[in-house]
Protein chains: 2
Amino acid sequence: MTTSRVTIKDVAARAGVSKGAVSLAFNRKPGLSEATRERIFTAARELGWEPNLTARSLSSSRVDVVGLAICRPARMLGLEPFYMEFVSGVESVLTEHACALLLRLVRSVEEEAGLLESWWRGRQIGGAILVDFRADDPRVVAAERLGLPVVAVGHPSLTGSLTSVWTDDATAVTEAVRYLAALGHRRVARVGGAAALGHTVMRTAAFDAAARGLGLTGAWQVATDYSGEAGARATRSMLTAAPPDRPTAIVYDNDIMAVAGLAVAAEMGLSVPRDVSLLAWDDSQLCRLTHPTLSAMSHDVHGFGAEAARTLFGAITGRGPGSHPVPTPVLTPRGSTAPPKV
Amino acid sequence: MTTSRVTIKDVAARAGVSKGAVSLAFNRKPGLSEATRERIFTAARELGWEPNLTARSLSSSRVDVVGLAICRPARMLGLEPFYMEFVSGVESVLTEHACALLLRLVRSVEEEAGLLESWWRGRQIGGAILVDFRADDPRVVAAERLGLPVVAVGHPSLTGSLTSVWTDDATAVTEAVRYLAALGHRRVARVGGAAALGHTVMRTAAFDAAARGLGLTGAWQVATDYSGEAGARATRSMLTAAPPDRPTAIVYDNDIMAVAGLAVAAEMGLSVPRDVSLLAWDDSQLCRLTHPTLSAMSHDVHGFGAEAARTLFGAITGRGPGSHPVPTPVLTPRGSTAPPKV
DNA sequence: GAATGGGACTTTACCGGTTGAGGAAAGCGC
DNA sequence: GCGCTTTCCTCAACCGGTAAAGTCCCATTC
């Protein structure tokens, strides 16, 4: 009921000091005796005062909020364990710095670029995390132009002069293909993510290169929108191909599509991994909840988010641009991959 | 590079008016001629000015940010499609009001109560959305004491005097049980969510009542932590029970556990729905990506989030407490439910 | 004993908007 | 031509903090 109208002035009055002193105490700056400091904290505690962050950031012109806009259809977002895990990693670091996360779902990168400008101009955020880069991403130019401190989650080749945090997807794709080839697979397919995304392009190229390098003749890949439906559709079309073309192993660009692929195989009466091997990507817990369990290219998404947040703090505090690779996804074999049936 | 140091004063100067006039124009308040208004907008556009929201909320003491804290282990969060869909529903309404969402993951409701107080005292949020109520939830008292406008997502019996938005879970559970009984099942089990959550308690009671009412002798339910692992464990222990006790149908409290249950059945060589029927809850797209597809108690989670946000705006603008039911989940039969084998 | 220095605060000028109290000019009735 | 509204706009006081400059007092130092 009592709308807390307690301000720094009340605390100052109660502690018998000026508001400047209260400010010094709460920002742990030197220039106050221990006794006074203590008196101020006591007064604040008694009144239940907390500094008004709005006022603080107005006068100190630093904002303890970072923005994150995600640009994927709501439908897919919910299913994609990646984002929530990423966000939770980001949070874990932000929390340490008493920093908050402003989240927004957008429909296009153009909208996102506009939003970032708005947020920054309106002093709503002190920095931002950018994900899902595409070729010639408008956000690169926007962030540079605005001088907005950001961390770009994506390969340096996509993020221009922005500070970036990225995984080496090309190497991971190569490892995946090598593994399947080592098992004896010759016809390997890949169900990729959205073609517009930069990392999809890179994975696609890496897949091609790896397949060619290993002399795999039947390499075949398609792009999807990352949704389970699309994954199912792609899998169905691959598995219904005439036997000489039919892949014996399929790599997916996320978990969901791999799960959907597993269902398609079951629905077609094919046994995994006897008739076809499946390899997922990202490796959320979902991969351990299926039967058979899904082999996957696994990485620490939570840690990825945390690293992104740490890097963002670096950018906000003026550290110049840089490129921060995080560990490459590693192959985690489970029940869905095996040598092809002879 | 050019840190945008454009302020209302610059715009005023350029348009040849006072800053008060600019303020009036940008808040669409009366008292300005069309011509002046136009001149001001032009000047603002030319300078690329956007009002500093920090300054605005300091002087107008209204904050266009709402808080949402989610209290579940990161592990589970990622997998739970519910939250992202809910958030996307919330967003869809917030966006219309040019309002932002402050998100935070917390480890306990106590921490959340503290956070809300901090956010509110620090004028970081204008209101909050509270989810996952438990019995005697400390957030109820906290929100009341602070006078913080909130919308509580949970049954009115759990949310005290707070404005609430809720689904009638008891009715939905009853419908689920009735459906399975109508198919001929006599031994129906339920894999519930976290026992500490209020809605779990209500669903548990409703399940018991429904089973008793229908004279089902083998009703059996357990509580879990909502994780896929726990769902798998529960399913395994149910399906390994001696035949007279073994349930022929299992209802799950979310999607993930149902998916895990499906895998367990497969791993045990049981056929779904021939040997056992499974019924999921929430019905994200995941239910359509399995084989067989999962029958589910289905509701519009996106719409649920949107309604919560709308109701919150009501609370913020001073509308008194109220209780807003949203549509009860409805049964959506798919491939995982059938009459029991005789 | 005057000059120096520094610790402990206070003062005061912002930060960039909003808001309510005016004030000048134009329109209107008589 | 005078008072009275309206319309349109200016002024100045906030909002609740921060930060740089200023004040005071006391201990040193020469």
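Does His299(A) count as buried or exposed, and at what relative accessibility? The legends below refer to a predicted model, and the first of them takes up this residue.

**Figure 1. Surroundings of His299(A) in the loop between β10 and α13 of chain A.** The loop that holds His299(A) runs between strand β10 (295-298) and helix α13 (301-316). His299(A) counts as buried because its relative accessibility is 13%, and the cut-off for a buried residue is under 20%. Apart from neighbours within four places in sequence, the residues in contact with His299(A) are Phe82(A), Thr167(A), Asp282(A), Phe304(A) and Pro329(A). One of these contacts, Asp282(A), is shown again in Figure 2.

**Figure 2. Asp282(A), a residue of strand β9 with a positive phi.** Most residues other than glycine have a negative phi. Asp282(A) is not a glycine, yet its phi is positive, at about 90°. The residue belongs to strand β9 of chain A. With a relative accessible area of 11%, Asp282(A) is buried. Asp282(A) is also in contact with His299(A).

**Figure 3. Asp132(B), a loop residue of chain B with a positive phi.** The phi of Asp132(B) is about 60°, a positive value in a residue that is not a glycine. Asp132(B) is placed in the loop between strand β3 (127-130) and helix α8 (138-146) of chain B. Its relative accessible area is 8%, so Asp132(B) is buried.

**Figure 4. Two cis peptide bonds of chain A, at Pro273(A) and Pro292(A).** Most peptide bonds are trans. The bond that joins Val272(A) and Pro273(A) is cis, and its omega is about 10°. Pro273(A) lies in the loop that runs between helix α12 (255-267) and strand β9 (277-282) of chain A. The peptide bond from His291(A) to Pro292(A) is cis as well, with omega near -5°. Pro292(A) is in the loop between β9 and β10 of chain A.

**Figure 5. Packing of helix α2 against helix α3 in chain A.** Helix α2 covers residues 19-26 and helix α3 covers residues 34-47. The two helices pack at an angle of about 95°, and their axes are 10 Å apart. Because angles of 65 to 115 degrees count as roughly perpendicular, α2(A) is roughly perpendicular to α3(A). On the α2(A) side, the contact is made by Ala21(A), Val22(A), Leu24(A), Ala25(A) and Phe26(A). These residues meet Arg37(A), Ile40(A), Phe41(A) and Ala44(A) of α3(A). By class, the residues of this contact comprise 8 nonpolar and 1 charged, with no polar residue.

**Figure 6. Gly318(A) and Gly320(A) in the loop between α13 and β11 of chain A.** The strand that follows this loop, β11, covers residues 323-326. Gly318(A) counts as exposed, at 57% relative accessibility. Gly320(A), at 43% relative accessibility, counts as partly exposed. From Gly318(A) to Gly335(A), the C-alpha separation is 47 Å, although the two residues are 17 residues apart in sequence. Gly320(A) and Ser161(A) are 159 residues apart along the chain, and their C-alpha atoms are separated by 9.9 Å.

**Figure 7. Asp300(A) in the loop between β10 and α13 of chain A.** Asp300(A) has a relative accessible area of 53% and is therefore exposed, the cut-off for an exposed residue being over 50%. Along the chain, Asp300(A) is 118 residues from Ala182(A), and the C-alpha atoms of the two are separated by 25 Å. The loop that holds Asp300(A) is also the place of His299(A), which counts as buried.

**Figure 8. Chain A as the setting of the close-up views from this chain.** The secondary structure of chain A consists of 13 helices and 12 strands. Along its principal axes, the C-alpha trace spans about 85 × 40 × 30 Å. The radius of gyration of chain A is 25 Å, whereas a compact globule of 342 residues would have a value near 20 Å. Of the 342 residues, 57% count as buried. Among contacts in chain A with a separation of 6 or more, 70% come from residues 24 or more positions apart. Chain A exposes about 13400 Å², and carbon and sulfur atoms supply 56% of this area.

Notes: Residues numbered from 1 in each chain as written. Chains lettered and ligands numbered in written order. Predicted model: local features only at pLDDT ≥ 70, side-chain atom pairs only at ≥ 80, totals over all residues. Heavy atoms only, no water. Axes fitted to C-alpha atoms, helices over the stretch in contact; angles between N-to-C directions. Helix = DSSP H or I, 4+ residues; strand = E, 2+ residues; numbered from the N terminus. Parallel < 35°, antiparallel > 145°, perpendicular 65-115°, else oblique. Contact = heavy atoms within 4.5 Å. Nonpolar A, V, L, I, M, F, W, Y, C, P; charged D, E, K, R; others polar. Rg over C-alpha atoms; globule rule 2.2 N^0.38 Å. Buried < 20%, exposed > 50% of the residue type's maximum accessible area, 1.4 Å probe, protein only. Areas by Shrake-Rupley, 256 points an atom, 1.4 Å probe, with all protein chains shown as cover.
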